[in-house]
Amino acid sequence: MTHLAVELRRPALSWRVLPALAVCLAAPAFFVLLQPWLGWLLLAVGVGAAMMGERRAVLTAERSLARDLSLIALGLLIVSAIPLKAELDNAAMLRFTLALGGAVAVPYAVSRWVYRDHAVSFPWRGGGRWTRWQWAWLVAVLLLGWAILPFYFITSGVYQNWPVVDTPDLVARLFVGVGAVGIWDELFFICTCFALLRRHVADATANVLQAIVFVSFLWELGYQAWGPVLTIPFALLQAIIFLRTRSLGYVVTVHLLFDAVVFAVLVHAHNPGLLDAIFFISP
């Protein structure tokens with residue numbers, strides 16, 4: 001089948017968008033409204049509607065919407081099993097490791113060894129060597145982070161959603177935690193949710209749907225107040241960049257650079273005077 005034929009089968013709007021939307025709306029139910037029952041209901045409605053829409057094709061089609069939505073649902077169920085409040089003690093870090101790791105590993109394993117397809121993959125290098133615009137964007141990410149993030153975290157007070165980091169041990173734990181969650185974001189939201197959704201709907205539609213999940217997770221994690229003004233464009237841009245580069249390595253690098261600024265701002269906000277020479281605003 002030609003690439004054009006596949007594209008024609010993925011319209012921006014079709015009946016497939018409704019089950020996908022129901023599954024993705026489970027994310028704000030879990031992570032914003034904190035209503036697990038509503039999340040479970042939306043997942044059941046979404047996967048069930050896809051099964052009814054496909055009927056026998058659930059088992060026979062090369063690309064089954066019901067199967068792919070079930071993988072996203074599995075990941076969301078695993079993540080929603082733990083509170084996402086940022087904490088740095090041993091128990092919390094172990095809890096995050098198991099839940100977030102499972103949310104990526106379980107859908108991958110089910111896709112590969114139960115459904116016997118390769119719907120979930122992690123193309124690290126993608127299109128090869130980075131271009132000049134890709135290097136330029138990395139510099140721009142650092143500059144934008146430096147210009148925007150201190151103002152956001154400090155004026156909104158959302159830095160208080162993260163624990164105080166005033167010892168070398170806590171600073172090191174924060175560094176590891178922020179970086180690890182940033183990598184996970186790309187593994188789950190882009191390489192799992194976005195990749196699965198775009199098998200059935202147009203790229204633009206899949207992007208909006210994955211952004212709902214991405215931003216909802218970040219909300220409970222701590223990016224609240226007017227945080228979605230930043231996290232929505234970031235989520236959409238990451239998917240677009242992934243489409244252009246086909247490189248998990250590149251989108252992870254972008255995310256880690258942005259998160260490096262997040263880390264520095266959190267340290268600065270909790271330790272006034274320590275990094276005043278770097279940032280233009282202090283708590």
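User: How do you know that glutamate 54 forms a salt bridge with arginine 16?

Analyst: Happy to walk you through it. This is a predicted model, and in it the closest N and O atoms of glutamate 54 and arginine 16 are 3.5 Å apart. A salt bridge needs a side-chain nitrogen of Lys or Arg within 4 Å of a carboxyl oxygen of Asp or Glu, so the pair qualifies. Glutamate 54 belongs to helix H3 (residues 36–54), while arginine 16 sits in the loop between helix H1 (3–8) and helix H2 (17–31). The two are 38 residues apart, and the pair links distant parts of the chain.

User: Why is glutamate 54 called buried?

Analyst: The relative accessible area of glutamate 54 is 9%. Buried means under 20%, so glutamate 54 is counted as buried.

User: Why can charged side chains pair up at all?

Analyst: In general, side chains of opposite charge can pair when their charged atoms come close.

User: How many salt bridges does the rule give here?

Analyst: The count comes to six salt bridges. One of them joins the side chains of arginine 199 and aspartate 68, at 2.8 Å from N to O. Aspartate 68 is in helix H5 (residues 65–79), and arginine 199 is in the loop between helix H8 (168–197) and helix H9 (203–221), so this pair ties together parts that are 131 residues apart in sequence. Arginine 199 and aspartate 68 are both buried.

User: What makes arginine 95 and glutamate 87 a salt bridge, and are these residues buried or partly exposed?

Analyst: Their side chains meet at 3.0 Å, N to O, and the limit is 4 Å, so the pair counts as a salt bridge. As for exposure, arginine 95 has a relative accessible area of 25%, and glutamate 87 has 32%. The partly exposed class lies between 20% and 50%, so arginine 95 is partly exposed and glutamate 87 is too.

Salt bridges that share partners also join Asp68, Asp117 and Arg199 into one network.

User: How do you know that the count comes to zero disulfides?

Analyst: Cysteine 24 shows the reasoning well. The closest cysteine sulfur to that of cysteine 24 belongs to cysteine 193, 6.6 Å away. A disulfide needs two cysteine sulfur atoms within 2.5 Å, so these two are too far for a bond. Starting from cysteine 193 leads back to cysteine 24 as the closest, at 6.6 Å. By this rule the count is zero disulfides.

User: Are cysteine 24 and cysteine 193 buried or exposed?

Analyst: Cysteine 24 is buried, at 1% relative accessibility. Cysteine 193 is buried as well, with a relative accessible area of 1%.

User: What makes alanine 99 buried, and what is it in contact with?

Analyst: Alanine 99 has 6% relative accessibility, which is under the 20% limit, so the residue counts as buried. Alanine 99 lies in helix H6 (residues 90–114). Leaving aside neighbours within four places in sequence, alanine 99 is in contact with Ile78 and Ile82. Between alanine 99 and serine 80, the C-alpha distance is 8.5 Å, although they are 19 residues apart in sequence.

User: Which residues form the nonpolar patch on the surface?

Analyst: The patch is formed by Trp146, Phe151, Trp226, Val229, Ile278 and Phe280, with about 600 Å² of accessible area together. Tryptophan 146 lies in helix H7 (residues 132–156) and has a relative accessible area of 39%. A patch member needs over 30%, so tryptophan 146 meets that part of the rule.

User: Why is leucine 144 called partly exposed?

Analyst: Leucine 144 has a relative accessible area of 39%, which falls between 20% and 50%, so partly exposed is the right label. Leucine 144 is found in helix H7. Beyond four places in sequence, leucine 144 is in contact with Trp137 and Leu149.

User: What is notable about the phi of leucine 34 and of alanine 225?

Analyst: Leucine 34 has a positive phi of about 60 degrees although it is not a glycine, and it is found in the loop between H2 and H3. Alanine 225 is not a glycine either, yet has a positive phi of about 55 degrees. Alanine 225 is found in the loop between H9 and helix H10 (228–245).

User: Where does pLDDT stay under 50?

Analyst: That happens over residues 1–8, for which the model has three contacts beyond four places in sequence. For the protein, the mean pLDDT is 93, and 94% of its residues reach 70 or more.

How values were computed: Residues are numbered from 1 along each chain as its sequence is written. This is a predicted model: local features need pLDDT of at least 70, side-chain atom pairs count only at pLDDT 80 or more; totals for chains, interfaces and linings use all residues. Side-chain values use heavy atoms; hydrogens and water are left out. Buried means under 20% relative accessible area, exposed over 50%, partly exposed in between (1.4 Å probe, protein chains only). Patches are made of residues with over 30% relative accessible area and no salt bridge: like charges are joined within 9 Å, nonpolar side chains (Val, Leu, Ile, Met, Phe, Trp, Tyr) within 5 Å. Accessible areas come from the Shrake-Rupley method with a 1.4 Å probe; for residues, only the protein chains shown count as cover. Helices (H or I, at least four residues) and strands (E, at least two) are DSSP runs, numbered from the N terminus. Contact means heavy atoms within 4.5 Å. pLDDT is the predictor's confidence in each residue, from 0 to 100.
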